[in-house]
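Subject: Handing over a structure

Dear colleague,

I am passing this structure on to you, and I would be grateful if you could look it over before reading my notes.

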Amino acid sequence: MSERRVLLIVGGGIAAYKALELTRLLRKAGVAVRPILTRAGAEFVTPLSLSALAEDRVYSELFSLTDEAEMGHIQLSRSADLVVVAPATADLMAKAAHGLAGDLASTTLLATDKPVLMAPAMNVRMWEHAATRRNLETLRADGVHFVGPDEGAMACGEWGEGRMAEPEAILQAALALLAGAGAPPPAIAAPGPLAGRHVVVTAGPTAEALDPVRVLTNRSSGRQGFEIAGALARLGARVTLVAGPVSQPTPAGVSRIDVESAREMLSACQAALPADAAVCVAAVADWRPDEAFGVKLKKGKDGPPAIRLVENPDILATLSAAGPARPALVVGFAAETNDVEAHALAKLKRKGCDFIVANDVTQPGVMGGAENAVLIVSRDGVERWDRAPKAEVAARLADRIARALNA
Ligand code: CTP
């Protein structure tokens, strides 16, 4: 391992201090370290400490005459066997994903022909943001390797995924790549089977306004839909979750749009197209008051007001009949109390979707409970799934969707 060389790019984040320990560990393992310190990185660690531990000079400037004279940026990008980015900030990931080359670090990443290992570090919200998920997906597709991030307490006081992997874990990932082990080390996740796919999921109830303070709604918790959105994201999909009023936390990696009424839910779904799949889990109100009063209705001598209901648009049926904009796979749900299979098949035909996930809500513990026992009804037949926790049903359904899209 003594001949091996790492080009270490240190980005600007609180985790930059761990890059010093990583440098020490790499040196101890007999690996030469040539550091690039970004301007933001230099706000957290000094060039002097990095240089002392690396036993090499620190490169920082793209347009420095001395740097370019000693070693041009192209040569620098090729002078190592592996490029390690630690911490890989959201900004560095975005620059690398888009091929930007405005400073020495990003230019080096664009110019290198060597394997790249990134150790992301950022606030949990930034890590979960749809933009970062897209960049992660792009970088993975470009062959970039990742280690971490870990879950834990963050410098900003929040808790979640986004802490940079420990220097020892980054060292092990780097050594495995330097050894040319072929397969990436276990800490590096493979791209999921839904990478590059966009899925729209509806979840929760809708609330239909009667006046500015009153709504017609239902008791849907949104739990199953949120579980499905999370499971799809874990398989690498870009997920747009259109949610009615619920108190569920947004699953990691999911981009959420909050709506109230069925008509808003439909518009949000249509605006989110194109999509490879749509999964309609929402308990959409079938009807809404034909008039939403602009001011609060008052009690009066005429007694309670008569409310006339009109039918809401059917989101599942509308997306299934969206012509060229129709997602390749449209999945609906059905809660039935009897003749589950026959009713589900009739609903499949009536709404024009590809699968109906049907459950028998008369089974104890299903309605509002933690478990579900479902049938997957398609034109090809019926699959009966054993009773399982809702999270497991969600994971299995995400898997089934991936197989259908990749078939
Ligand atoms: N759905 C929808 N928009 C509506 C009503 C339902 O997208 N306005 C979707 C649900 O998200 C679910 C499926 O259609 O995927 C379930 O429909 P359901 O309400 O059970 O069916 P109905 O057509 O109302 O049939 P029935 O009341 O006879 O069971």
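Below I describe the domains, a pair of helices, the surroundings of the ligand and a few backbone details.

Please keep in mind that this is a predicted model, in which local features need pLDDT of at least 70 and side-chain atom pairs count only at pLDDT 80 or more, while totals for chains, interfaces and linings use all residues. Residues are numbered from 1 along each chain as its sequence is written.

The chain is divided into domain 1 (5-179) and domain 2 (198-405), with bounds that come from an automatic or database domain assignment. Their centres, taken over C-alpha atoms, are separated by 42 Å. Six residues from domain 1 and five residues from domain 2 make up the contact, where two residues are in contact if their C-beta atoms, placed from the backbone, lie within 7 Å. On the side of domain 1 that touches domain 2, helix H8 (residues 130-141) gives the most, with four residues; helices (H or I, at least four residues) and strands (E, at least two) are DSSP runs, numbered from the N terminus. By class, that side has one nonpolar, no polar and five charged residues, with Ala, Val, Leu, Ile, Met, Phe, Trp, Tyr, Cys and Pro counted as nonpolar, Asp, Glu, Lys and Arg as charged, and the others, Gly among them, as polar.

Within domain 1's numbering range, helix H1 (residues 16-28) and helix H2 (residues 47-54) pack at an angle of about 15°, with their axes 9 Å apart; axes are lines fitted to C-alpha atoms, for helices over the stretch in contact, and angles run from 0 to 180 degrees between N-to-C directions. H1 and H2 are therefore roughly parallel to each other, a term that covers angles under 35 degrees. Leu20, Thr23, Arg24 and Arg27 in H1 meet Ser49, Leu50, Leu53 and Ala54 in H2, and this contact comprises four nonpolar, two polar and two charged residues.

Around the ligand there are 16 residues, of which Cys280, Val284, Ile315, Leu316 and Gly332 come nearest, a residue being near if its C-beta atom, placed from the backbone, lies within 6 Å. Helix H12 (315-320) and strand E16 (329-336) are the elements that give two or more residues to this shell, and E16 gives the most, with four.

Finally, the peptide bond from Ala86 to Pro87 is cis, with omega near -5°, and Pro87 lies in strand E3 (residues 82-88).

Best wishes

Conventions. Angles under 35 degrees count as roughly parallel, over 145 as roughly antiparallel, 65 to 115 as roughly perpendicular and the rest as oblique.
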